[in-house]
Amino acid sequence: CGKSLLFNRLTGLAQKVANFPGVTVEVKYAEKNQIRWIDFPGIYSLNALTADERVSVSKLQEEMNRPNVHSTVIICLLDATRLEQSLHLGMQIQQLASTEKRPLIFALNMMDEIVANKGSIDVQSIEKKLGSPVIPISARTKLGLGKLDETIQKVFGNSTEFIPQATHLNDETNLKTLSKALSEEFGPKIAMLIEKQNRVDRFVLSSVIGGLLFLGIMFLLFQSIFTWATPLMDGVQWLVDSTATQVIKHIPPGDVQSFFKDAIFGGIGSFLVFVPQIFVLTFLIGLLEDSGYLARAAI
């Protein structure tokens, strides 16, 4: 949902991010403006099921146990495109913050996706229902980051104002019901948004078109590696051979000449010949990944 990208925006770091969940698998730390920032692996619930989730939940509880109330602020990132699931987790976090007396801010990320799909979210109504500040943002486009930073500074100025009240029941069923109700009443048309995002999948994963598309892509990959990369490989081979000829003729016959001829130019040269193939393959795989993302975003 963009946690690590937001972490980079707030701290100025360059932590690895990608357009799919699960990139962050361990707790990350940063120091900026006398603030210690922590980026936890993503979770779907405080009832941890995976190893990454268990790391997050245990580390979060560890931070909650720190004695100084004013030193810990929770920024819970919600995914605007999957509001129901996010609100369910958000209310679990809110209960934890209320119990531990910690200030809480909700950052509603991916608002650019909602706008791009002509959707809308009644942020003020959700904020009123939750009883905690909800800041609409886009970590990718930096939308709302100024407002989020202002809110964070307000928290440090008066943290008790942002400590949530225990307004939600602890029963898990009630949390799911409430998150669904809030999403349906104030959120975007999730079914429509997901439907648009899945159009590409339905096309490329169909039994007939998907199979033909797969065969076509594999044919192009093999052609690019074993046919189109051949001129580049021949060029590298010629460059290595020419360089070896010029260098070796200036070295007297013996062990040193054999070392340069067989080890340096023979060994390393044999590796360099395959670099064009590796480059072409890596380039095409990256192109496929980017084209899939752009196609999904366009639809």
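Helices, of at least four residues, and strands, of at least two, are DSSP runs numbered from the N terminus. On that basis, the protein has 13 helices and five strands. The model is a predicted one. Of the 299 residues in the protein, 35% are buried. The accessible surface amounts to about 17900 Å², and carbon and sulfur atoms account for 62% of it. Where contacts join residues at least 6 apart in sequence, 68% of them are between residues at least 24 apart.

**Nonpolar cores**

- The largest nonpolar core has 29 residues, and the members that touch the most others are L108, I121, I126 and L130.
- At least two residues of this core come from each of α2 (51-64), β3 (74-79), α3 (83-100), β4 (104-109), α4 (111-116), α5 (123-130) and α7 (172-186).
- Helix α3 is the element that gives the most to this core, with seven residues.
- With neighbours within four places in sequence set aside, L108 is in contact with L78, D79, A80, L83, I121, V123, V134, I135, P136 and I137.
- A second core, separate from the largest one, comprises 17 residues, including A30, I105, I135 and L145.

**Helix α10 and the nonpolar surface patch**

- Helix α10 spans residues 209-228, and G210, L221, S224 and I225 are buried in this helix.
- Viewed down the axis of α10, the buried residues fall within an arc of 90°, so they line one face of the helix.
- The face turned away from the buried side of α10 carries the exposed residues L212, L215, F219, F222, F226 and W228.
- A nonpolar patch on the surface is formed by F203, V208, I209, L212, L213, F214 and L215, which together have about 700 Å² of accessible area.
- Helix α10 gives the most to the nonpolar patch, with five residues.
- V208, a member of the patch, lies in the loop between α9 (199-204) and α10.
- V208 has a relative accessibility of 56% and counts as exposed, because the cut-off for exposed is over 50%.

**Salt bridges**

- Side chains of opposite charge can pair when their charged atoms come close.
- The structure holds four salt bridges, and three of the pairs are described here: K59 with E62, D79 with R82, and R140 with D112.
- In the pair of K59 and E62, the closest N and O atoms are 3.9 Å apart.
- Both K59 and E62 lie in helix α2, three residues apart, which is about one turn of the helix.
- K59 is partly exposed at a relative accessible area of 29%, and E62 is partly exposed at 42%.
- In the pair of D79 and R82, the closest N and O atoms are 3.7 Å apart.
- D79 is buried, with a relative accessible area of 8%, whereas R82 counts as partly exposed at 38% relative accessibility.
- D79 is also among the residues in contact with L108.
- In the pair of R140 and D112, the closest N and O atoms are 2.8 Å apart.
- This pair links distant parts of the chain, with R140 in the loop between β5 (134-136) and α6 (145-157) and D112 in helix α4, 28 residues apart.
- D112 is buried, with a relative accessible area of 15%.

**Selected positions in α2 and β2**

- D52 is placed in helix α2, and D52 is partly exposed, with a relative accessible area of 28%.
- D52 and V27 are 25 residues apart in sequence, and their C-alpha atoms are 9.5 Å apart in space.
- I38 is placed in strand β2, which covers residues 35-39.
- The relative accessible area of I38 is 23%, so I38 is partly exposed.
- Residues up to four places away in sequence not being counted, I38 touches F7, V27, K28, Y29 and E63.
- I38 and T11 are 27 residues apart along the chain, and their C-alpha atoms are separated by 10.0 Å.

Conventions:
Residues numbered from 1 in each chain as written. Predicted model: local features only at pLDDT ≥ 70, side-chain atom pairs only at ≥ 80, totals over all residues. Heavy atoms only, no water. Core = buried A, V, L, I, M, F, W, Y, C linked by side-chain atoms within 4.5 Å. Buried < 20%, exposed > 50% of the residue type's maximum accessible area, 1.4 Å probe, protein only. Contact = heavy atoms within 4.5 Å. Arc of directions from axis to C-beta. Areas by Shrake-Rupley, 256 points an atom, 1.4 Å probe, with all protein chains shown as cover. Salt bridge = Lys/Arg side-chain N within 4 Å of Asp/Glu carboxyl O. Patch = residues over 30% accessible without salt bridge, like charges linked within 9 Å, V, L, I, M, F, W, Y side chains within 5 Å.
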